[in-house]
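Please read the following points with the sequence and the structure side by side. They begin with one pair of residues and then work outward to other parts of the chain.

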Amino acid sequence: MNADIHALCEKLIPVTYVQQGREARRAHEKKIRNLLEHRKWPEDGWDDATIELLLQELSAMDSNNFMANCGVGEREARIASSLVARRHFRLGHGIGRSGDIAAIQPKAAGSSIIMKLTNAMALDAMKMAGVRSTAACFVVPLATGMSLVLCFLALRQLRPSAKYIIWTRIDQKTCFKSILTAGLQPIIIENCLEGDELRTDVREIERQIQERGAENILCVFSTTSCFAPRVPDRLEEIAKLCKDSGVGHVVNNAYGVQSSKCMHLIQQAARVGRVDAFVQSTDKNFLVPVGGSIIAGTDEKFVDKIAQTFPGRASASPTIDLFITFLSLGAEGYKKLLKERKEMYSYLQDELKTVAEGHGERLLRMPHNPISMAMTLGLQLEDDRKEVSEVGSMLFKRNVSGARVVPRGVTKTIGGYDFTGYGSHCNDYPTGYLTVAAAIGITKEDVDLFVKRLDKVLSKKQDKKTKVEGSEDMKTKVEGFEDMKTKVEGSGDMNHA
């Protein structure tokens, strides 16, 4: 309320009461003013009342909420359901314009402000998490895979003759399909087994660039966050190679923002070589619903190029979700979550090791993967594909989500390309295994419940195996008894003769 309205209120109730209300309002407005003035992620999280006040004020700036609005266009943000309108805070125009997803929308001043502030806070998040050289970023209402497609298409405009993408194998469909969806041809680089870890074959990447010709290679497509036993790619070496050969470099950083190691790899790669863009999921890193990602880069012009490649305006929902979450957590709240995740990684690792050893298995050693870990499933199950897979089914039935069981010998065809040993990121990993992740938001209660259920599942499998072996032993004994009986009866017949 403005000063005139407050003055009118003073005619209805005592002035001191109105002044108290004004001071309370100013406390909210001070936070809002600081955000608009500095365009930085607030250190401390905001209360819901302040966030809702800001959203209401910004929503009132969109044309569909003007009391005197007269809309005669084909897109006027008319919303039939009041429930849907409330869910979106009556922000119905989306973000961007036909030629640029990061452009200001004339009909939606409030939505445009939310977009600009969210992108600014996302930039702070990238720098705070470790990639200090990030020059620009924007939130896009696409999950990681389609956002990677957008990056490839933008890069192709700069390298129109290039048709290949060199891809370090990671057995996750989204990554591979993003190459095919962009209309490009993958050159698959198999990983090298070093101890228990699967690591980048940089020499093979270099050989492929030389053999195919750098002018024909759009980019090297590398990965940071990944399922064990694969570990983050050797980003520094790849970035140097890309810089020296003039080849692009796009990084899949799907859930890497939560890991200081993953972000450090990108920072170092950008410092010593070339990183055109790196893409991260909003839901995996910032605890919001699925549907958005952040495209970032160290070259502001190229990031703008990607934004301009997006056709048409887009949904504001992922941006609004992230905007609210940024303000609710505050930078300090997010740092606290990152710290807790690291602690839970160590705790989960210790607990998983104990369970593994208790059942004759072992925790795979992979110091280069800061999020995911794995234990063997095969030492006691004889690496039987059916037996190993059954562990995953038993865990799922016990409401354990996210754990991945990978047996040996699985083959899969994606887009006409055959993958042997699919799921394990290589043709022939030595053992079947179970992989889990200590991702942001995981709690001690999650870990304790998981290891308890895993222990029960493995015990049940062992009991089943023991019963089968016991039955086989009994069968052998019975067969032995029958043989002995036959021999005795044969001896009787001989004596009779």
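1. A good place to start is a single bridge between two strands: Val406 has Tyr433 as its bridge partner in strand S14. Please keep in mind throughout that this is a predicted model. The pair belongs to a longer match, since strand S11 (residues 404-406) and S14 run antiparallel to each other and are joined over 3 bridges.

2. Strand S14 also pairs with strand S10 (residues 372-376), again in the antiparallel sense, and here the pairing extends over 5 bridges. One of the residues involved is Ser372, whose bridge partner in S14 is Ala437. S14 itself covers residues 433-437, and because 4 of its 5 residues are buried, the strand is largely enclosed by the rest of the structure.

3. Ala437 leads on to the open spaces of the model. The largest pocket holds about 940 Å³ of space, and among the 40 residues that line it, those closest to its centre are Ser401, Gly402, Ala403, Ala437 and Ala439. The elements that contribute two or more residues to this lining are helix H6 (144-158), helix H7 (173-181), helix H11 (282-286), S14 and helix H15 (444-496). Helix H15 supplies the largest share, with 5 residues. Sorted by class, the lining of the largest pocket consists of 20 nonpolar, 15 polar and 5 charged residues.

4. Helix H15 deserves a look of its own, and Leu458, which lies in this helix, serves as an example. Is Leu458 buried or exposed? Its relative accessible area is 6%, and residues under 20% count as buried, so Leu458 is buried. Leaving aside residues up to four places away in sequence, Leu458 touches Val355, His359, Met375, Leu377 and Val391. The chain also brings distant positions together here, for Leu458 and Ala356 are 102 residues apart along the chain, while their C-alpha atoms are separated by 9.2 Å.

5. The second largest pocket has about 310 Å³ of space. It is lined by 17 residues, and those that lie nearest its centre are Asn119, Ala120, Leu123, Ala136 and Cys137. Two or more lining residues come from each of helix H5 (109-129), strand S1 (136-140) and helix H12 (300-309), and the largest share, 6 residues, is given by H5. By class, this lining has 9 nonpolar, 1 polar and 7 charged residues.

6. Helix H5 also contains Asp124, a residue worth checking by eye. With a relative accessibility of 14%, Asp124 counts as buried. When residues up to four places away in sequence are not counted, the residues that Asp124 touches are Arg39, Lys40 and Trp41.

7. In helix H12, the buried residues include Phe302, Val303, Ile306, Ala307 and Thr309. They are on the same side of H12, because they cover an arc of only 160° around the axis. Among the elements that cover these buried residues are S1, H6, strand S8 (277-281) and strand S9 (293-297).

8. Helix H9 (residues 235-245) can be read in a similar manner, beginning with its buried residues, which are Leu235, Ile238, Ala239, Leu241 and Cys242. Why are they on the same side of H9? The reason is that they cover an arc of only 160° around the axis. On the other side of H9, Lys243 and Asp244 are exposed. The buried residues pack against helix H8 (202-212), strand S6 (217-223), strand S7 (248-252) and helix H10 (260-272). Just after H9 comes Gly246, which takes a positive phi of about 75°.

9. The final point concerns enclosed space. The structure holds 2 cavities of 30 Å³ or more, and the second largest cavity contains about 40 Å³ of space. Which residues line the second largest cavity? They are Trp167, Ile170, Asp171, Gln172, Lys173, Phe176, Ile414, Phe419 and Tyr422. By class, this lining has 6 nonpolar, 1 polar and 2 charged residues.

How values were computed: Residues numbered from 1 in each chain as written. Predicted model: local features only at pLDDT ≥ 70, side-chain atom pairs only at ≥ 80, totals over all residues. Heavy atoms only, no water. 1 Å grid on protein atoms, 1.4 Å probe; cavity = no way out; pocket = protein on both sides within 12 Å on 5 of 7 lines; lining within 4 Å. Points joined across faces, edges and corners; volume = space filled by probe spheres on them. Nonpolar A, V, L, I, M, F, W, Y, C, P; charged D, E, K, R; others polar. Buried < 20%, exposed > 50% of the residue type's maximum accessible area, 1.4 Å probe, protein only. Arc of directions from axis to C-beta. Contact = heavy atoms within 4.5 Å. Pairing = 2+ DSSP bridges.
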